[in-house]
Amino acid sequence: MWGLVPLFWPLLKPAGAAEILAHRMVWSLVIVGVALLVLRRWSWAGELLRQPGRLGLVAVAAAVITVNWGVYIWAVNAGHVVEASLGYFINPLVTIAMGVLLLKERLRPAQWVAVGVGFAAVVVLTVGYGRPPWISLCLAFSFATYGLVKKKVNMGGVESLAAETAVQFLPALGYLLWLGSRGGSTFGTEGFGHALLLASTGLVTAVPLVCFGAAAIRVPLSTLGLLQYLAPVFQFVLGILYFHEEMPAERWAGFALVWLALTLLTWDALRTARRSREALRAAAAAAGTETAGSAAQAGSLAEAAGPVGAADAAALADPRSQ
């Protein structure tokens with residue numbers, strides 16, 4: 001669904017990007033509010049309101065995702081679908097770079113190589129476009145920042161979307177009312193079908209997110225990470241085959257470097273996950289051997305201690321008591 005979203009935004013013309021964005025904010029809150037009513041999940045709201053620091057982070061997340069949504073809608077409707085898809089290809093590299101710079105995380109050699117290749121790709125694309133790919137960079141940095149803030153907020157997908165759109169709601173509604181008072185709104189002037197499409201921006205926002213949240217608890221994390229590449233792949237293919245955007249050789253070269261960096265990241269992540277599983281299995285086997293030895297030791301101690309001291313001897317022999 002996220003990969004096919006570029007087909008949806010052009011249907012909302014003649015509404016401009018700002019009007020579409022405002023409707024997306026307003027109707028998303030309506031959809032998520034209904035979902036929370038059905039699920040009866042409201043206890044988090046009172047807890048959030050009692051935590052000003054966390055509430056501030058939600059406001060920051062709302063501001064950052066507003067920028068991301070707005071730039072993406074404008075980019076698609078202005079004919080920059082391929083460059084917008086590049087932003088979500090670059091996003092994992094930006095996220096890693098932010099982890100190093102802001103969270104002082106340490107990278108493995110393959111990750112350093114991937115980040116370096118990604119930087120080279122941006123340089124090549126800058127030459128190809130004759131300017132920095134600012135749409136891609138804006139989308140990548142805004143979404144990476146959004147992920148960083150959400151990590152600190154630590155809320156569920158539906159709850160966090162509800163909190164963020166609640167922050168966005170009043171400014172968005174105020175803008176729509178102001179636009180209507182000036183005669184610039186298309187909501188009531190372009191027919192019922194157009195109004196229905198604008199209202200459906202809430203569903204377009206909420207449904208993929210709910211599906212993602214449902215998948216996150218059912219699908220292995222490594223698989224989920226790979227699946228997230230499908231959205232920019234679909235967007236890239238749509239940009240070339242459906243929207244017929246130009247792809248000169250230097251842009252192909254830049255994209256090829258980005259894909260090389262993502263291949264390195266994916267290979268490194270899968271290799272690390274496999275090594276972690278093997279280490280866990282080895283640790284579990286060692287723990288089983290140690291437990292068997294401890295049990296034998298407990299039996300010897302129990303025999304020496306007699307009926308009264310048997311339980312105490314077993315407890316002392318248990319590795320978990322140390």
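Guide: Welcome! A residue is buried when its relative accessible area is under 20%, exposed when over 50%, and partly exposed in between (1.4 Å probe, protein chains only). The helices here are DSSP runs (H or I, at least four residues), numbered from the N terminus, and strands are runs of E with at least two residues. This is a predicted model, in which local features need pLDDT of at least 70 and side-chain atom pairs count only at pLDDT 80 or more, while totals for chains, interfaces and linings use all residues. Residues are numbered from 1 along each chain as its sequence is written, and side-chain values use heavy atoms, with hydrogens and water left out.

Visitor: Which residues of α11 are buried?

Guide: Seen down the axis of α11, the buried residues fall within an arc of 160° (taken from the directions from the helix axis to the C-beta atoms), so they line one face of the helix. On the other side, L241 and Y242 are exposed. The buried residues of α11 are A231, P232, Q235, F236, L238 and G239.

Visitor: How far apart are the end C-alpha atoms of helix α11?

Guide: The expected span of a helix is 1.5 Å times one less than its number of residues. With 13 residues (230-242), α11 should span 18 Å. The computed distance agrees with that, at 17 Å.

Visitor: What is the phi of H244?

Guide: Most residues other than glycine have a negative phi. H244, in the loop between α11 and α12 (249-317), is exposed, with a relative accessible area of 63%. Its phi is positive, near 55°.

Visitor: Where does α4 bend?

Guide: The bend at a residue is the angle between axes fitted to the seven residues ending there and the seven starting there. In α4 this angle is about 40°, and a proline, P92, follows within four residues of the bend, which is at I90.

Visitor: How many of the residues of α4 are buried?

Guide: Helix α4 covers residues 81-103, which makes 23 residues. The helix is mostly covered. Of its 23 residues, the number buried is 18.

Visitor: Which residue meets R131 in a salt bridge?

Guide: A salt bridge is a side-chain nitrogen of Lys or Arg within 4 Å of a carboxyl oxygen of Asp or Glu. For R131, the N to O distance is 2.9 Å. The pair links distant parts of the chain, 48 residues apart, with R131 in the loop between α5 (109-129) and α6 (134-153) and its partner in helix α4. That partner counts as buried, at 2% relative accessibility, and is E83.

Visitor: How many residues apart are D268 and R108?

Guide: These two form a salt bridge, with their closest N and O atoms 2.7 Å apart. D268 lies in helix α12 and R108 in the loop between α4 and α5, so the pair links distant parts of the chain. D268 counts as buried at 0% relative accessibility, while R108 is partly exposed at 31%. In sequence, their separation is 160 residues.

Visitor: Which side chain joins that of S185 in a polar contact?

Guide: A polar contact is a pair of N or O atoms within 3.5 Å; within protein, one must be able to donate a hydrogen and the other to accept it, and residues adjacent in sequence count only if both atoms are side-chain atoms. S185 is in the loop between α7 (157-181) and α8 (192-199), and at 15% relative accessibility S185 counts as buried. Its polar contact, at 3.4 Å, is with the side chain of E19.
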